[in-house]
Amino acid sequence: MSENLILREAPMPGVVSLTFNRPDKLNALSTPMVRQFESAIDAIAADASVRAVILQGAGGKAFVAGADIAEYRGNRTAAFNAYQFESRRVFDKLEALPQPVIAAIAGYALGGGFEIALCCDILICTASAQLGLPEGLLGLSPGGGGTQRLTRAVGKYMASDIMLAARRISGERAFQLGLAAEVVAEEELLEAALTRARGVLKVSPLAAREMKRLIRQGPDAALPTALAFEQEVLARLYGTQDGQEGIAAFLDKRKPEFKGE
Ligand code: CO8
C-alpha cells in the first residue's frame, strides 16, 4: 500500500488500521489516495479474517482535511466530476463494508474527511477535533454524501448550521450531538479505538454485519418494513452456527467461539 495510505495489522489479530498519511497537506485526499482507499476497502471486504477496521490520520493535525483542492484550479469539469463520482462510490463502499469501522479523529475532519467519518460506524474524537463541511466557502457543496448523511445523523437544523453557516463543530460538540461515541485526550485516541475494536471482536461477525445493515438501511424504510426486516435477520441469525454457539456458550458459562458461519 502506498505511503499516502497505510494499511496495517493493528496490534491485535482480526483488526486492521488504515492511516491517511499526507500530513504536510493535512491528509487531503488526492485522486491516487481515493483509488488506494478503494483498493484497501475491497481487500478488507474480501478478507473474513478482518473483524474490525480503524481509520485514522497521520500527524495529529488532521484526520482528513477534505478533497485535495489543489487538483481543481481552473475549470477542469471532467476531472472534477470524475473525482466526485469516484469519491462518492468509494465512500459508499466504506459504509457498506461488512466489518464495523471505527474512526479515530484528531484535528480536522473537513469536507470529504467528515464525509468519510459519516460512513464509519463508531467515531472517537479528541475534544479539540474540528468537524465540518466547509464546501460552501469554496463556492461548492458536499458531494460525498455529506448533505444527506449528516442531516440524517443530526437533523436538518443542526446540519443547516454546520453547512449553511460553515460552522465547524468540536469533538466535544460531536459527542453532545451523538455523533461521537467518546471524547478522549489525543494520547488516548488509538487506545480508545482499540478498546472499541476489542468490543467488536467479542460480537459474532455475522451479527455485527447484520446489525450494521439494519442500522444503516432501516431508517430509509418505513418503520413496519424496517421492523419486519429486523425480525427476519434475527430469525436467520438464530439458525446460524454462531447463533447456536452464542447461546450454548452463555449457558455453559464459557466464552463463545464465533466462526462467522
Ligand atoms: N486540499 C489541499 N491542500 C490542503 C487542504 C485541502 N483540502 N487542506 C489543507 N491543505 C494544505 C494547505 O494548502 C497547506 O499546504 P502548504 O503548506 O503547501 O501551503 C497545508 O495543507 C497546511 O494547511 P494550512 O496552512 O492551511 O493549515 P492551517 O492550520 O492554517 O489551516 C485548515 C487548516 C483550516 C484545515 C485549512 O487548511 C483549510 O481550510 N483547508 C481546507 C479545508 C476544506 O475546505 N476542505 C473541504 C475541501 S472540499 C471537499 O472535501 C469536497 C468537495 C468536492 C470534491 C472536489 C474537490 C474540490
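Two strands are taken to pair if DSSP finds at least two bridges between them. With that criterion in mind, select Leu110 in this predicted model: Leu110 stands opposite Gly132 in strand S8.

**Stop 1: the open sheet**

Extend the selection to strand S6 (108–110) and strand S8 (residues 130–132), which pair in the parallel sense over 3 bridges. Both belong to an open sheet of 4 strands, ordered S4-S6-S8-S9, with mixed pairing. Strand S4 (62–64) and strand S9 (169–170) are at the edges of this sheet; each has a single partner strand, so one side of each is left without a neighbour in the sheet.

**Stop 2: the ligand**

Keep S6 displayed and add the ligand. Which elements each supply at least two residues of the shell around the ligand? They are helix H2 (77–96) and strand S6. The ligand is surrounded by 21 residues, and the closest are Ala28, Gly66, Ala67, Gly111 and Gly112. Colouring the shell by class gives 13 nonpolar, 5 polar and 3 charged residues.

**Stop 3: the hairpin of S1 and S2**

Select strand S1 (residues 5–9) together with S2. The two strands run antiparallel and are joined by 5 bridges. Ile6 is a useful point of reference, as Ile6 stands opposite Thr19 in S2. S1 and S2 form a hairpin with 5 residues between them, and Gly14, in the turn, has a positive phi of about 90°. S2 is mostly covered, with 5 of its 6 residues buried.

**Stop 4: from S2 to S3**

Next, add S3. S2 and S3 pair in the parallel sense over 6 bridges. Two positions show the register: Val15 has Ala52 in S3 as its bridge partner, and Ser17 stands opposite Ile54 in S3. Between the two strands, the chain passes from S2 through helix H1 (residues 31–45) to S3, in a β-α-β crossover that is right-handed.

The loop between S2 and H1 deserves a separate selection. Most residues other than glycine have a negative phi. Leu26 lies in this loop, and its phi is near 55°, a positive value in a residue other than glycine. Asn27 lies in the loop between S2 and H1 as well, and has a positive phi of about 60° although it is not a glycine. Are these two residues buried or exposed? Leu26 is partly exposed, because 19 other C-beta atoms lie within 10 Å and a residue needs 20 or more to be buried. Asn27 is buried, with 29 other C-beta atoms within 10 Å.

**Stop 5: S3 and its second partner**

Return to S3 and show its side chains. In a regular strand the side chains alternate between the two faces of the sheet. On one side of S3 are Ala52, Ile54 and Gln56, and on the other Val53, Leu55 and Gly57; all are buried, and both faces are covered. In total, 6 of the 6 residues of S3 are buried. S3 also runs parallel to S5, to which 4 bridges join it. Ile54, already selected opposite Ser17, stands opposite Ile102 in S5.

**Stop 6: helix H7**

Select residues 189–202, which form helix H7. This helix has 14 residues and reaches 21 Å from its first C-alpha to its last, close to the 20 Å expected at 1.5 Å a residue. Which residues of H7 are buried? They are Leu189, Ala192, Ala193, Leu194, Arg196, Ala197 and Val200. An α-helix has 3.6 residues a turn, so residues three or four places apart point the same way. The buried residues of H7 pack against several elements, including strand S2 (15–20), strand S3 (52–57), strand S5 (101–105) and helix H8 (205–217).

Glu191 also lies in H7. Glu191 counts as exposed because it has 11 C-beta neighbours inside 10 Å, and a residue with 12 or fewer is classed in that way. A distance drawn from the C-alpha atom of Glu191 to that of Ile69, 122 residues apart along the chain, spans 32 Å.

**Stop 7: Glu245**

Finish at Glu245, in helix H10 (residues 241–251). Glu245 is partly exposed, with 16 other C-beta atoms within 10 Å. Apart from neighbours within four places in sequence, Glu245 is in contact with Pro256, Glu257 and Phe258. The C-alpha atoms of Glu245 and Tyr157 are separated by 45 Å, and the two residues are 88 residues apart along the chain.

Conventions:
Residues numbered from 1 in each chain as written. Predicted model: local features only at pLDDT ≥ 70, side-chain atom pairs only at ≥ 80, totals over all residues. Expected span 1.5 Å × (residues − 1). Contact = placed C-beta atoms within 7 Å. Near = placed C-beta within 6 Å. Nonpolar A, V, L, I, M, F, W, Y, C, P; charged D, E, K, R; others polar. Right-handed = clockwise from strand over helix to strand, strands pointing away.
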